[in-house]
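Biologist: I'd like to learn how to read a sheet and a helix pair in a model. Could you walk me through one?
Modeller: Gladly; let's put it on the screen and start with the strands.

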Amino acid sequence: MHDRHLITLTVNDEEHEVVVEARRTLLDVLRHDLRLTGAHAGCEHGVCGACTVLVDGAPARACLLFAVQAEGSALHTVESLAAPSGELSDLQRAFSRHHGLQCGFCTPGFLMLAEGWLAERAATGAGEPDREEVREMASANLCRCTGYQTIVDAIADTARTRLAAPGETA
């Protein structure tokens, strides 16, 4: 029994019509149907965070969502962070500058987790986070290489920079 659905997904501000079985995960559709391979399949149980994308601005595990559940939501993947010219976002540049990556497998998930968190903080006027707040947020994802300190440094630097110059994220 193959229950197939025609759905429209809005990913990185572009609409895509796809036919999917009800049981297919958003991660599978992003990677295999839409060829957006930035979100990675790590644990496939929602634990590691390598598949993190933004769903209506909030970080979510794409391996835990069915694609049919995402219809009607605004989805953003790591591919949406860089400018169309290829220029990296401020957060991506901070990860590079602070050496917030080593093997890079977890990096897209951390970038999307941080982007969603930083945007939420900006929307609520939360101000500059202290290092403990950044560490707590980053602990939602797993990294086997960096020891997290450089990831925390990159996110804290981005938060500080965005507060000093609101609206400049490119």
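Biologist: In which sense do strand 1 and strand 2 pair, and over how many bridges?
Modeller: Keep in mind that this is a predicted model. Strand 1 pairs with strand 2 in the antiparallel sense, and eight bridges link them. One place to look is Ile7, which stands opposite Val18 in strand 2.

Biologist: How many residues lie between strand 1 and strand 2 in the hairpin?
Modeller: Two residues separate them, and in that turn Asn12 has a positive phi of about 55 degrees.

Biologist: What is the order of the strands in the open sheet?
Modeller: A general idea helps when you look along any of them: in a regular strand, side chains alternate between the two faces of the sheet. Here the five strands are ordered 2-1-5-3-4, and the pairing is mixed. Strand 2 (14-21) and strand 4 (58-61) are at the edges with a single partner strand each, so one side of each has no neighbour in the sheet. From one strand to the next, the twist averages 45 degrees.

Biologist: Do strand 1 and strand 5 run parallel or antiparallel?
Modeller: Parallel: strand 1 (residues 4-11) is joined to strand 5 (residues 74-76) by two bridges. Val11 has Leu75 of strand 5 as its bridge partner.

Biologist: Which strands does helix 3 touch where it packs on the sheet?
Modeller: Helix 3 (residues 107-124) touches strand 3 (52-55), strand 4 and strand 5, and its direction makes about 30 degrees with that of strand 3.

Biologist: At what angle do the axes of helix 2 and helix 5 cross?
Modeller: In general, two packed helices are described by the angle between their axes and the distance between the axes. For helix 2 (residues 90-97) and helix 5 (residues 149-164), the axes cross at roughly 140 degrees and come within 8 Å. That makes helix 2 oblique to helix 5. The crossing is right-handed.

Biologist: Which residues of helix 2 and helix 5 make the contact?
Modeller: Among them are Leu91 and Phe95 of helix 2, together with Ile151 and Ile155 of helix 5. By class, the contact has six nonpolar, one polar and four charged residues.

Note on methods
Residues numbered from 1 in each chain as written. Predicted model: local features only at pLDDT ≥ 70, side-chain atom pairs only at ≥ 80, totals over all residues. Heavy atoms only, no water. Axes fitted to C-alpha atoms, helices over the stretch in contact; angles between N-to-C directions. Helix = DSSP H or I, 4+ residues; strand = E, 2+ residues; numbered from the N terminus. Parallel < 35°, antiparallel > 145°, perpendicular 65-115°, else oblique. Left-handed = near helix turned anticlockwise from the far one by under 90°. Contact = heavy atoms within 4.5 Å. Nonpolar A, V, L, I, M, F, W, Y, C, P; charged D, E, K, R; others polar. Pairing = 2+ DSSP bridges.
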